[in-house]
Amino acid sequence: MKTHRTWHGVRMRQTRIAPDPDQAPRLVTIPASWDEAAAAGLASLAGGEAPSGFVPNRLPSGRGLAGRVTLACAAQGWIGPLCERARAAGFAINLEDRLHRLLLLRRGAPTDAIWAGHTDQEPGFVLNLPAFLDSFGHFDAADFAEAVETAVHALTFAAPDAHDIAVGIADLAGLLAACGVDYGSAAARDIARALAAILRGRADAASAALAVRLGARGQAAQEWQSPPAHTMVPGLEAAALAAWHAARGLGALHHRATTAILRPGPADALLGVETGGIAPAFSPLSASGALSRTARAWLAVSGITAEEALAMVLAGSNPLPQATATAHADMHDAVAPYVATMPPRPVPLSTPVAPAERRDLPGRRAGYTQKASVGGHKVFLRTGEYDDGTLGEIFIALHKEGAAFRGLMDNFAHAVSLGLQHGVPLETFVEGFTFTRFGPAGAVEGDPAVRAATSLLDYTFRHLAANYLGRRDIPEAEIEEPDTVGAGARDQSPLLPLELPPEASPRARRRELRLVSR
């Protein structure tokens with residue numbers, strides 16, 4: 001396939017890479033300055049089968065490559081057909097030069113549906129915002145507006161039957177960092193509004209112009225809020241206002257929808273996008289573990305060297321602004337009025353509740369010890385009180401139970417005491433542990449406040465409810481035969497599909513065991 005003149009003189013490199021570990025690698029040719037992520041993105045966009053521009057190849061080891069792909073040829077594979085349709089429709093715009101230039105400068109690329117020729121899917125086009133910064137760090141708003149119009153024309157002729165197209169922006173966080181604007185600030189949201197206004201205005205205007213020749217499919221352009229009157233990016237507000245005026249009073253559009261914030265995909269990787277859509281940069285590190293381009297841009301515009309940044313981190317401070325989920329949600333709300341299709345609104349994390357402070361008990365405290373019998377098992381319940389008479393701790397002492405059960409009850413009482421000292425109401429424990437059912441249980445002797453209990457915990461919190469809360473409304477316990485560990489016919493039965501004589505000794509039982517299945 002003949003290479004477009006845009007790529008002449010561009011230094012290229014080859015690399016063997018697969019779009020994912022489960023696929024065969026490809027020999028990919030991309031510009032020398034592009035990274036491996038871009039190569040993987042191109043390998044994914046090229047698809048599973050070798051279209052035009054692909055040449056079969058073999059690895060030196062004999063393991064086959066899925067195909068050899070060069071960026072210029074693969075791009076011509078989708079640019080050529082749509083430009084032919086545009087010329088046939090009488091459009092004099094030189095789409096071919098514009099699209100190749102957008103790709104070479106890593107400013108824009110279509111989504112995988114266009115690369116694969118799947119015109120039945122909703123076509124999309126990604127515009128990489130940081131790529132529109134010039135060598136002096138100034139944003140080229142005019143080129144961005146032209147890129148939006150180019151994307152609309154490209155998607156229209158690439159998928160002529162599509163009623164909806166999706167032209168979107170990506171790596172807003174990278175642009176803001178390069179401009180020295182904190183993502184979570186109001187200034188950042190004004191920049192995003194202005195960019196979205198240019199996107200919406202120029203896309204709708206291009207769609208309305210297409211409707212004159214190709215026919216209208218959508219409604220007339222709707223009124224939408226004006227862009228901000230001032231931004232921290234020179235010239236951006238003027239371009240946004242011009243796009244807003246251009247979109248006012250338009251007739252019917254060729255498309256029902258023109259703009260969207262797209263999910264990150266292989267096209268983003270090809271363009272070098274670090275953060276998809278309008279999301280913040282949550283990590284200052286790249287996939288390789290180095291500082292991301294966004295982080296380096298922020299340090300550069302802030303006049304902080306890498307050594308100074310490291311020193312600040314070691315000293316306990318952070319030289320990079322930290323974006324939050326709330327900031328992401330605010331950015332979503334700022335852009336949403338201008339964009340037809342948005343991702344789900346991020347849900348801000350709830351503000352973490354500060355842990356309750358522990359209220360220490362006095363060194364010499366009041367309280368009492370209650371001796372009772374539950375189902376014939378003695379229990380000693382001791383309480384500790386604050387100076388105001390409220391309950392602050394409990395101790396449960398048992399004498400006839402096993403060591404494991406006593407240890408569990410001791411630690412349970414300690415956990416309840418910690419809860420009381422951290423502000424958990426006693427009512428919460430009463431509601432949670434009354435009517436718990438396990439042995440020992442039965443009639444209660446020695447405590448006039450409780451007549452029966454379904455467990456030791458049931459007795460404990462019935463007693464505390466009566467004596468510290470004055471509650472006499474808790475229904476009396478109904479005593480049933482409890483399940484106990486180590487008692488009952490079910491516990492004595494072997495865990496085998498056969499019954500053994502209950503009178504046999506353990507040694508006799510072991511002799512009678514037999515294999516019942518293999």
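The paragraphs below walk through two helix pairs, the pockets and cavities, and one strand residue of this predicted model.

A helpful place to begin is the way helices lie against each other, since two packed helices are described by the angle between their axes and the distance between the axes. Helix 7, which covers residues 186-214, packs against helix 8, which covers residues 236-247, at an angle of about 35°, and their axes are 8 Å apart. The crossing of helix 7 and helix 8 is left-handed. On the side of helix 7, the contact is made by Ile191, Ala194, Leu195, Ala197, Ile198, Gly201, Arg202 and Ala205, while helix 8 contributes Leu236, Ala239, Ala240, Ala242, Ala243, Ala246 and Ala247. When these contact residues are sorted by class, 13 are nonpolar, one is polar and one is charged.

A second pair of helices can be followed in the same manner. Helix 3 (residues 95-104) and helix 5 (residues 141-158) cross at roughly 115°, and their axes come within 10 Å; this crossing, too, is left-handed. Helix 3 takes part in the contact through Leu95, Arg98, Leu99, Arg101 and Leu102, and helix 5 takes part through Asp143, Glu146, Ala147, Thr150, His153, Ala154 and Phe157. By class, the contact of helix 3 with helix 5 is made up of six nonpolar, two polar and four charged residues.

From the helix contacts we can turn to the open spaces of the model. The largest pocket has a volume of about 810 Å³, and 31 residues line it, with Asp35, Gly272, Val273, Glu274 and Arg293 lying nearest its centre. Helix 6 (172-178), helix 9 (266-271) and helix 10 (293-302) are the elements that each give two or more residues to this lining, and the largest share, four residues, comes from helix 10. The lining of the largest pocket divides into 15 nonpolar, ten polar and six charged residues.

How many cavities of 30 Å³ or more does the structure hold? There are two of them, and the largest cavity has a volume of about 240 Å³. This largest cavity is lined by 19 residues, of which Ala177, Ala281, Thr294, Leu320 and Pro321 are the closest to its centre. Helix 6 and helix 10 each supply at least two residues of the lining of the largest cavity, just as helix 6 and helix 10 each give two or more residues to the lining of the largest pocket. The lining of the largest cavity consists of 14 nonpolar residues, four polar ones and one charged one.

The second largest cavity holds about 30 Å³ of space, and its lining is formed by Gln222, Glu223, Trp224, Trp244, Ala247 and Arg248. Three of these lining residues are nonpolar, one is polar and two are charged. Ala247 links this part of the picture to an earlier one, for Ala247 lines the second largest cavity and is also among the residues of helix 8 that make the contact with helix 7.

The last stop is a single residue, Ser373, which is found in strand 8 (residues 369-374). Is Ser373 buried or exposed? Its relative accessibility is 14%, and because residues under 20% are classed as buried, Ser373 counts as buried. Leaving aside residues up to four places away in sequence, Ser373 touches Lys378, Ala443, Val444 and Glu445. The C-alpha atoms of Ser373 and Gly446 are separated by 6.5 Å, although the two residues are 73 residues apart along the chain.

Technical notes:
Residues numbered from 1 in each chain as written. Predicted model: local features only at pLDDT ≥ 70, side-chain atom pairs only at ≥ 80, totals over all residues. Heavy atoms only, no water. Axes fitted to C-alpha atoms, helices over the stretch in contact; angles between N-to-C directions. Left-handed = near helix turned anticlockwise from the far one by under 90°. Contact = heavy atoms within 4.5 Å. Nonpolar A, V, L, I, M, F, W, Y, C, P; charged D, E, K, R; others polar. 1 Å grid on protein atoms, 1.4 Å probe; cavity = no way out; pocket = protein on both sides within 12 Å on 5 of 7 lines; lining within 4 Å. Points joined across faces, edges and corners; volume = space filled by probe spheres on them. Buried < 20%, exposed > 50% of the residue type's maximum accessible area, 1.4 Å probe, protein only.
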